[in-house]
Protein chains: 2
Amino acid sequence: MESRELRYFVAVAEELHFGRAAERLGIAQPPLSRAIQQLERRLGVDLLERTSRAVTLTEAGSVLLREGRAALDAVEAADRRTRRAAKPHPGLVLVTKAGSAGELLARLLDAYAADPSAVTVDVQLCGVGEQERMLRDGRADVALLHLPFDSTLGFDTEELHTENQLAILPRGHELLSRPHVKMADVTDLPGLPLPRWPDRVGVYTDGPGPKVRDTAQLYQLIALGRAAAVLPESCRTHLRSDLAAVPVLDAPKVTTVIAWPPHSRSQALAALVRTATLL
Amino acid sequence: MESRELRYFVAVAEELHFGRAAERLGIAQPPLSRAIQQLERRLGVDLLERTSRAVTLTEAGSVLLREGRAALDAVEAADRRTRRAAKPHPGLVLVTKAGSAGELLARLLDAYAADPSAVTVDVQLCGVGEQERMLRDGRADVALLHLPFDSTLGFDTEELHTENQLAILPRGHELLSRPHVKMADVTDLPGLPLPRWPDRVGVYTDGPGPKVRDTAQLYQLIALGRAAAVLPESCRTHLRSDLAAVPVLDAPKVTTVIAWPPHSRSQALAALVRTATLL
DNA sequence: GGGATCGATACCTGTGAGGTATCGATCCCC
DNA sequence: GGGGATCGATACCTCACAGGTATCGATCCC
């Protein structure tokens, strides 16, 4: 199986429309139809059910969509990591969510920079749930993830830090007078719903609560008295002055882990991970 | 990057010889040379240093060898899993080392077969260190691995069972009179060296001790008074009558884990894993 | 029933993958 | 030190196939 065929199939399987998929791939529709037919013939497997009005995935087709995405990520990772390895000073790319782990990350970068064998660390901030993808397709070498929110499936990890969570509320809110609260106190505050975050494909779940993409938006909404939030206590160091926080006793603990692709063999990465575990 | 290019490069990087690599790939040498040149040109990276007498990998070349193997495994896995998913009764392929986990595996298969939603489980036995590869390239869906010997890098796992290890000796050996021994008692027995196992590419480390490939060979050697071994205590159930065992107090504990590719979504696999954890 | 939508088919073209023959550099050895 | 062996690169040819355009045929909608 050629990666070109996989790219074509994934495009069709995602669009469920040959015309749009062809456009996305920058080719005409007929060669795309033929390529998919040929793939089906070579595999001896029906991947798509097509009528002239709708295209749907077969069972085998969904398997190939999932496996094909992973394979294409791996091919892309091979490409990117090879190019990067050839640069004079390869460095490392570390990715983490914007607005999280700031304190820990600063300490890690400082400690690592003190290592005589240290290489430059390029810090990339990305959206929610995007870190896994970046590790997988070679855009990043290492990530700081937050359990239980992020998935560490398929990566090697070391736990770095565990912390409790705080309820973030507009300054002056009545709950702030208590020494601590419970999740139940926060989940159904009148007029202050918890926000909704996009999932890894950028789609929001249905339900109440304002949609947010980053902490800046979130803080703004809380300050406006339109939302509340439960966040790891490390956010306290960079909390806006018009917000305040109170510990939530029964919120799940948040664990920060450092994660990297399991077959990595880079000296620099190993040193960075070692530094992280010694923090 | 096309998977054909990756296959070609991996062949050359493994053989370090264009002629042999071409033969292995079933093509002539000149197109192979050109394909590699084109890959280097497209990447803008030198992958190989060639003189007319020797071919060696550059730094970037070894990165591409490692990443390329992983990517090719992923592509092959996509192919195989898609074909299997299209079969009328897909079933599951479970792989484990020959001669290990017999007891546990039998219990697992029995318990799973009692599940009304159970599918057929095809048990594959393979050589040392081959399980990871089979999981990665789609020949298997799930494996029983043994820590600390096997690597679980890149897989999801659940621990099933932990056991101590025994020294396996020819019947009548003087150590057998003791209630237990220590590693130091076993590592330097005169005339009874511990055997050497091949690593994942089939190469034996240098040093003393007979080379063995499987437990049948090993047991034979021990019975002949040419070797001793330290094995998990579950081997007692199928020990030959001309061998005997004594617990080794300070040997590392052996943990049997069930492992599967992290992006698996199969109902059948989930049920099997659930059954395993409830044993 | 006419038009719009959409995948499949027919047919053409050019790129490039793969083949053979040969070159040029290096090493080996008598 | 020169002849032969080894091995990757180059030159040149051919044909398969990726990709294009035009069009068909089925389905849905008004």
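**Confidence**

I looked up the pLDDT of this predicted model; pLDDT is the predictor's confidence in each residue, from 0 to 100. Chain A averages 87, and 97% of its residues score at least 70. I then went through the elements of chain A, which are DSSP runs numbered from the N terminus (helices are H or I with at least four residues, strands are E with at least two). Helix H1 (residues 3-15) of chain A has the highest mean pLDDT, 94, and helix H8 (residues 215-223) of chain A the lowest, 81.

**Conventions**

I number residues from 1 along each chain as its sequence is written, and I letter chains from A and number ligands from 1 in the order in which they are written. In this predicted model local features need pLDDT of at least 70, side-chain atom pairs count only at pLDDT 80 or more, and totals for chains, interfaces and linings use all residues, while side-chain values use heavy atoms, with hydrogens and water left out.

**Chain A overall**

I noted nine helices and ten strands in chain A. Its C-alpha atoms fill a box of roughly 70 × 55 × 25 Å, taken along the principal axes. Of the 279 residues in chain A, 48% are buried; buried means under 20% relative accessible area, exposed over 50%, and partly exposed in between, with a 1.4 Å probe and protein chains only. I also looked up contacts, meaning heavy atoms within 4.5 Å. Among the contacts in chain A with a separation of 6 or more, 65% are between residues 24 or more positions apart.

**The two copies**

I superposed the copies by least squares on the C-alpha atoms of residues with pLDDT of at least 70 in both. A turn of 179° and a shift of 0.0 Å along the axis lay chain B on chain A with an RMSD of 0.1 Å. The two copies are thus related as by a two-fold rotation axis. I looked for the residue of chain B that comes closest to this axis and found B:Gly154, with its C-alpha at 2.1 Å. As for the interface, 100% of the interface residues of chain B are also interface residues in chain A, so the copies meet through the same surface.

**H1 against H4 in chain A**

Two packed helices are described by the angle between their axes and the distance between the axes. I take axes as lines fitted to C-alpha atoms, for helices over the stretch in contact, with angles from 0 to 180 degrees between N-to-C directions. The axes of H1(A) and helix H4 (residues 59-86) of chain A come within 9 Å and cross at roughly 125°. That makes H1(A) oblique to H4(A); angles under 35 degrees count as roughly parallel, over 145 as roughly antiparallel, 65 to 115 as roughly perpendicular and the rest as oblique. I listed the residues that meet: on the H1(A) side they include A:Leu6, A:Phe9 and A:Val10, and on the H4(A) side they include A:Leu64, A:Leu65 and A:Leu72.

**H1 against H3 in chain B**

I found the axes of H1(B) and helix H3 (residues 29-43) of chain B within 10 Å, crossing at roughly 110°. H1(B) and H3(B) are therefore roughly perpendicular to each other. B:Glu5, B:Tyr8, B:Phe9 and B:Val12 in H1(B) meet B:Leu32, B:Ala35, B:Ile36, B:Leu39 and B:Arg42 in H3(B). I checked B:Glu5 separately: this residue of helix H1 (residues 3-15) of chain B counts as buried, at 6% relative accessibility. Leaving out residues up to four places away in sequence, B:Glu5 touches B:Leu39 and B:Arg42.

**Backbone exceptions**

Most residues other than glycine have a negative phi, and most peptide bonds are trans. I noted A:Leu16 for a positive phi near 55°. A:Leu16 is in the loop between H1 and helix H2 (18-25) of chain A and counts as partly exposed, at 35% relative accessibility. In chain B, B:Leu16 has a positive phi of about 55°. The peptide bond from A:Leu147 to A:Pro148 is cis, with omega near 0°. I place A:Pro148 in the loop between strand S5 (142-147) and strand S6 (156-163) of chain A. B:Leu147 and B:Pro148 are joined by a cis peptide bond, omega about 0°.

**A:Gly44**

I looked up A:Gly44 last and found it in the loop between helix H3 (29-43) and strand S1 (48-50) of chain A. At 61% relative accessibility, A:Gly44 counts as exposed. From A:Gly44 to A:Thr275 I noted 231 residues in sequence and 51 Å in space, C-alpha to C-alpha.
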